[in-house]
Amino acid sequence: MDVVIVESPSKAKTINKYLGKDFTVLASYGHVRDLPSKDGSVKPDEDFSMAWDADAKSAKRLNDIAKAVKSADKLILATDPDREGEAISWHVLEVLKKKKALGDKPVERVVFNAITKRAVLAAMDNPRELDTQLVDAYLARRALDYLVGFTLSPVLWRKLPGSRSAGRVQSVALRLICDRELEIEAFNAREYWTVEADMTTGKGDEFVARLVSHNGERLDKFDLPDEKTAEAVRARVAVEPFSIQTVESKPARRNPPAPFTTSTIQQEASRKLGFSASRTMQVAQSLYEGIDIDGETTGLITYMRTDGVQIAEEAIAQARTVITNEFGEAYLPDKAREYKTKAKNAQEAHEAIRPTDLARLPKHVKALLNNDEKRLYELVWNRTLASQMESVRMERTTIEMASEDKTLGLRATGSVIVFDGFLKLYQEGTDDKDDSEDDGRLPKVASGDRLGTKEARADQHFTEPPPRFSEASLVKRMEELSIGRPSTYASILGVLRDRGYVHMDQKRFIPDDKGRLVTAFLGSFFTQYVEFGFTADLEEKLDKISAGELNWKDVLREFWDGFTAHVDGTADLRITQVLDRLNEVLEPHVFPEKEDGSPRRGCPSCEGGELSLKVGRFGAFVGCSNYPECKFTRQLTKGMDGDPAAADRILGSHPDTGKDVELKNGRFGPYIHMDPVEEDEKPKRAGIPKTWALEDVDLEKALQLLSLPRDVGPHPEDGEMITAGLGRYGPFVLHNKTYANLDTPDEVFTVGLNRAVAAIAEKKANPGRRQAAPPLKELGEHPEFGGPVNVLNGRFGPYVKHDKINATLPRGAKPEDVTMEEAVQLIAERAAKGPAKKKTAKKKAAKKKTAKKKVAKKKTAKKAAKKKTAKKKTAAKKKAAPKKAAPKDPGSDETAEATD
């Protein structure tokens, strides 16, 4: 009996069926060990030794594996064919050696690129040894990521309270997003004009031409800077006669894109399907592990973590057959196409992502797949087949025209598809709009033909800032710069969102203030380590380790020596120095120029005060230099996440007091503020409900908020007043210490006595259960699993709910704008993370025991303190009491007095 180790239980079950009863296939359930999340797990002073740890579940599985191996004839390690798969096999092997479960049993390593019977049996016939170079590359990466995280993060926590963490690759990815935002903020739109004309031929055919030369000289983009100039030129174009100078037609070919890699499938699934990187990889994993087809589990696509663009010869042959059968011989090129990887640091040796059987058309399996799987499989099938199809053949035509005096020149360009080739099946997506000037088919004309001008137009344009990164464009840029590995991009982008460093708006990354602070700090004090070139060079060294060209510990030593010296150099760095530097770097963002020309950092609340970044236990905020005399504070940016509606503004005057009612931004969000009427009173403040749009907050709504809590009326049973208000857990009515939830914040201002009494009665009948509020928006049935998908308001803000899965809406997202597609994606991403970790019974019992001990200790300490106090009092009384006095002279008027 041979024991085979794979990662997942579904994979184990499938492969066991392929191999038969002479094999026992066990699952490791992914990685079995990891570095504990505490300082000291990697020890640079001990030649970078690592202290690995297995959690309780992994330890049990390792024991099961060890038990099975002891009675086996051979151990076969069949984990995934990449660096992580090699690492899992190494970990299992190391544990088995420590447990002395192997003895002299032979150990083999097999890899297969697809979970099909043919691929698995072929792999079993071609075993190899464990690739120690790949393992060394894994160890180097894991040690580097750990050392950077656990060395740099504490520096952040000390120097920049409120920051979460820093990472070797995540910090560089964050810098890309923040740098792009700086470009957008620094961008100044520039006006320019273009002139176009609708031209007619002698046969009456029409086409559009653009002005390309003026006064005999080539026209540059900004040569028509304003309407006056453009209109003068337009008027000339409208009346001048034009004739054809040259007609040039050139054939052109467009080749199909290569099959998918990890990076390109993430980009294209984002563009075409709206999937996040993590959702793409989750669905791809499901297709890789396969479905039941005619009683046998079969993988539908090859392994999805790859840099390779080449595909196997048998797959190419099959693709050519399918192309002929489905589209005809005209779409089949004379020779099969071969693709080579362009990425300089590509290191995975396996194929591109492709269907395991190209004869299995999407329509054949759609009934067996869920909606996400069906769409991604079709995308992979289309891309793979298109990569072997004939090129698109086009004809590009350029017509040059000139006025009689040659002072004005027009041009028309067009391209016509002569043969659609691979476009019959597949069109690659783009991240941003296409600026191509091709106008499609042009009429047949000849040199010397005279033209008429039907109409001339002058159009205004403004230059646009570079677009924010989408997931697709960010993944593409990271790959271009060799930052990280494509297989880790999904987790990197997830970490940035989870840490609150960025958020998504219209599927584009926007850095949050916390993220900008971290980037500014690292860019100022750890410049080298967030440089794109430095990160790429380090990636290249790590890839050289996997190729056996460098020793992994030498690379670690070189990095660690420089890194620790740099960290030590920041030990004496004061927080005031950090803030001064951040004030300078972030000034355009945090302290934008004022319309009245007053100093950027002048305090609006007092004279002479200067605004500056400050740090508190909840992170950074803006405060006045005259504190504590001036208590002015606000968030880093006046508008939350760039929303101008959130800027501080006066809403009007209170009708009773005449005081200004203001909308302000504090450290914990926007609120309503009104100064006190009397000197000994406190200012009135009221938080703004999260479901209210800030642009809708006016004086009327502000006065309503300031009036809370409001009296609803006396309870009919006891006459006690019922009040309504907004609290930590949302809108409520209160009677005699009983709180009952209301459905929406707006109901606080309209709820009547009958509704309030009913809500309180219901709460008393079900004291342990919160009342379910109605949805903020009903989106309908889930397109894949059925069941309602709703947007609800919760304790921590709005969220989407399907079945038992709750997913919080991104910051700045409005509940009323959420679409079903966005909700399904949020729910899928939340489901992929798994349920929130619950405390085990042992942990709960231990916590309870510790709490009891603390209580007992406090009681003992109290008793001891009481005894001590009593003793002190007794001693003090004795000291204060006079000794018994001697009897006085009988003739004296004084009476002898003894005090006990």
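**View 1. A loop residue with positive phi, K737.** K737 sits in the loop that links β27 (730–735) to β28 (738–741); here helices are DSSP runs of H or I with at least four residues, strands are runs of E with at least two, and both are numbered from the N terminus. This is a predicted model, in which local features need pLDDT of at least 70 and side-chain atom pairs count only at pLDDT 80 or more, while totals for chains, interfaces and linings use all residues. Residues are numbered from 1 along each chain as its sequence is written, and side-chain values use heavy atoms, with hydrogens and water left out. K737 is not a glycine, yet its phi is positive, near 70°. Most residues other than glycine have a negative phi. With a relative accessible area of 79%, K737 is exposed (exposed is over 50%, buried under 20%, partly exposed in between, with a 1.4 Å probe and protein chains only).

**View 2. Another positive phi, at D294.** What sign does the phi of D294 have? The angle is positive, about 55°, although D294 is not a glycine. Look for this residue in the loop between β11 (291–293) and β12 (296–298). D294 counts as exposed because its relative accessibility is 78%.

**View 3. Helix α9 and the glycine after it.** Helix α9 covers residues 277–289, 13 residues in total. Its end C-alpha atoms are 18 Å apart, in agreement with the 18 Å expected at 1.5 Å a residue; the expected span is 1.5 Å times one less than the number of residues. Which residues of α9 are buried? They are A277, R279, T280, M281, V283, A284, L287, Y288 and E289. Just past the helix, G290 takes a positive phi of about 95°.

**View 4. The largest cavity.** Searching the whole structure turns up two cavities of 30 Å³ or more. A cavity is a set of points on a 1 Å grid over the protein atoms alone where a 1.4 Å probe fits but cannot get out, and its lining residues have an atom within 4 Å of a point. The largest one holds about 100 Å³ of space, where volume is the space filled by probe spheres set on grid points joined across faces, edges and corners. Its lining has 14 residues, and V148, L152, G167, R168 and Y529 lie nearest the centre. Helices α5 (132–159), α16 (532–546) and α17 (552–568) each supply at least two lining residues. Which helix gives the most? That is α16, with three residues. By type, the lining divides into ten nonpolar, three polar and one charged (Ala, Val, Leu, Ile, Met, Phe, Trp, Tyr, Cys and Pro are nonpolar; Asp, Glu, Lys and Arg are charged; the others, including Gly, are polar).

**View 5. A parallel sheet of four strands.** The strands of this open sheet follow the order β2-β1-β5-β6, with parallel pairing; two strands pair if DSSP finds at least two bridges between them. β2 (23–27) and β6 (107–109) are the edge strands, each with a single partner, so one side of each has no neighbour in the sheet. Neighbouring strands are turned by 20° against each other on average, direction ignored; the axes are lines fitted to C-alpha atoms, and angles run from 0 to 180 degrees between N-to-C directions. Strand β1 (residues 2–6) is joined to β5 by four bridges, and V4 has I76 of β5 as its bridge partner. Going on from β5 (residues 74–77), three bridges lead to β6. Among the residue pairs here, L75 is bridged to V107 and L77 stands opposite R109.

**View 6. An antiparallel sheet of four strands.** This open sheet runs in the order β29-β30-β31-β32, and its pairing is antiparallel. Here β29 (777–781) and β32 (805–808) stand at the edges with a single partner strand each, so one side of each is left without a neighbour in the sheet. From one strand to the next, the twist averages 25°. Four bridges connect β31 (residues 797–802) with β32, and Y799 faces T808 across this pair.

**View 7. Two cis peptide bonds, at P628 and P709.** Most peptide bonds are trans. The bond from Y627 to P628 is cis, with omega near 10°, and P628 belongs to the loop between β19 (619–624) and β20 (633–634). From L708 to P709 the bond is also cis, with omega near -5°. P709 lies in the loop between α20 (699–706) and β25 (710–714).

How values were computed. 1 Å grid on protein atoms, 1.4 Å probe; cavity = no way out; pocket = protein on both sides within 12 Å on 5 of 7 lines; lining within 4 Å.
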